[in-house]
Amino acid sequence: QVRLVESGGGLVQPGGSLRLSCTASGSIFIVYTMGWYRHDSGKQRELVATITSGGSTNYADSVKGRFTLSRDNAKNTVILQMNSLKPEDTGVYYCNADVWRNDTYRRGDYWGQGTQVTVSS
């Protein structure tokens, strides 16, 4: 099986920073694109940022210039550095990974359990 373990959420005041981490482990042959999505009540889940195994990044327009996504391929880990946080960044953040498994030799999408980010004064 494949597991994604997230950490780093919490409560922060507007203008503050948080750092989210996600590590993929288990029956992994190759991890392709990894990324973060968020979901807030009453809204659809939306892309925050993704990064390919080659390091190419893609950001939602709403977070460009404030969030930075980095990756350590050796550790199958991605780090989302979130600065200048706004109340509208509030939500549950989910890690996602596109993985080619070394047991079933199938490729699929995997999700973490989610971590809450709340931006409020």
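In this short talk I will go through the chain as a whole, then one of its sheets, and then the core and a few residues in it.

Before I start, please keep in mind that this is a predicted model, in which local features need pLDDT of at least 70 and side-chain atom pairs count only at pLDDT 80 or more, while totals for chains, interfaces and linings use all residues. Residues are numbered from 1 along each chain as its sequence is written, and side-chain values use heavy atoms, with hydrogens and water left out.

Let me begin with the overall picture. The chain has zero helices and 11 strands, where helices (H or I, at least four residues) and strands (E, at least two) are DSSP runs numbered from the N terminus. The radius of gyration is 14 Å, close to the 14 Å that the globule rule gives for 121 residues, so the chain is as compact as a globular protein of that length; the radius is taken over C-alpha atoms, and the rule is 2.2 Å times the number of residues to the power 0.38. Along the principal axes, the C-alpha atoms fill a box of roughly 45 × 25 × 20 Å. Of the 121 residues, 45% are buried, buried meaning under 20% relative accessible area, with exposed over 50% and partly exposed in between (1.4 Å probe, protein chains only).

I turn now to the sheet. Four strands form an open sheet in the order 1-3-8-7, with antiparallel pairing, and two strands count as paired if DSSP finds at least two bridges between them. Its edge strands, each pairing on one side only, are strand 1 (2-7) and strand 7 (67-72). Strand 8, residues 77-82, pairs with strand 7 in the antiparallel sense over six bridges, and six bridges also join strand 8 to strand 3, again running antiparallel. Within these pairings, F67 has M82 as its bridge partner, D72 is matched with T77, and L18 stands opposite M82. The hairpin of strand 7 and strand 8 has four residues between the strands, and there N76 takes a positive phi near 50 degrees.

Why do we describe strand 8 as largely enclosed by the rest of the structure? The reason is that five of its six residues are buried.

That brings me to the core. The largest nonpolar core has 30 residues, and W36, L80, M82 and Y93 have the most contacts inside it; such a core is a set of buried Ala, Val, Leu, Ile, Met, Phe, Trp, Tyr and Cys residues joined through side-chain atoms within 4.5 Å. Among the elements that give two or more residues to this core are strand 1, strand 3, strand 7 and strand 8. Leaving out residues up to four places away in sequence, M82 touches G16, S17, L18, L20, R66, F67, Y93 and V117, a contact being heavy atoms within 4.5 Å.

Finally, a word on S21, which is found in strand 3 (residues 18-26). Is S21 buried or exposed? S21 is buried, with a relative accessible area of 17%. Apart from neighbours within four places in sequence, S21 is in contact with V5, E6, S7, W36, T77, V78 and I79.
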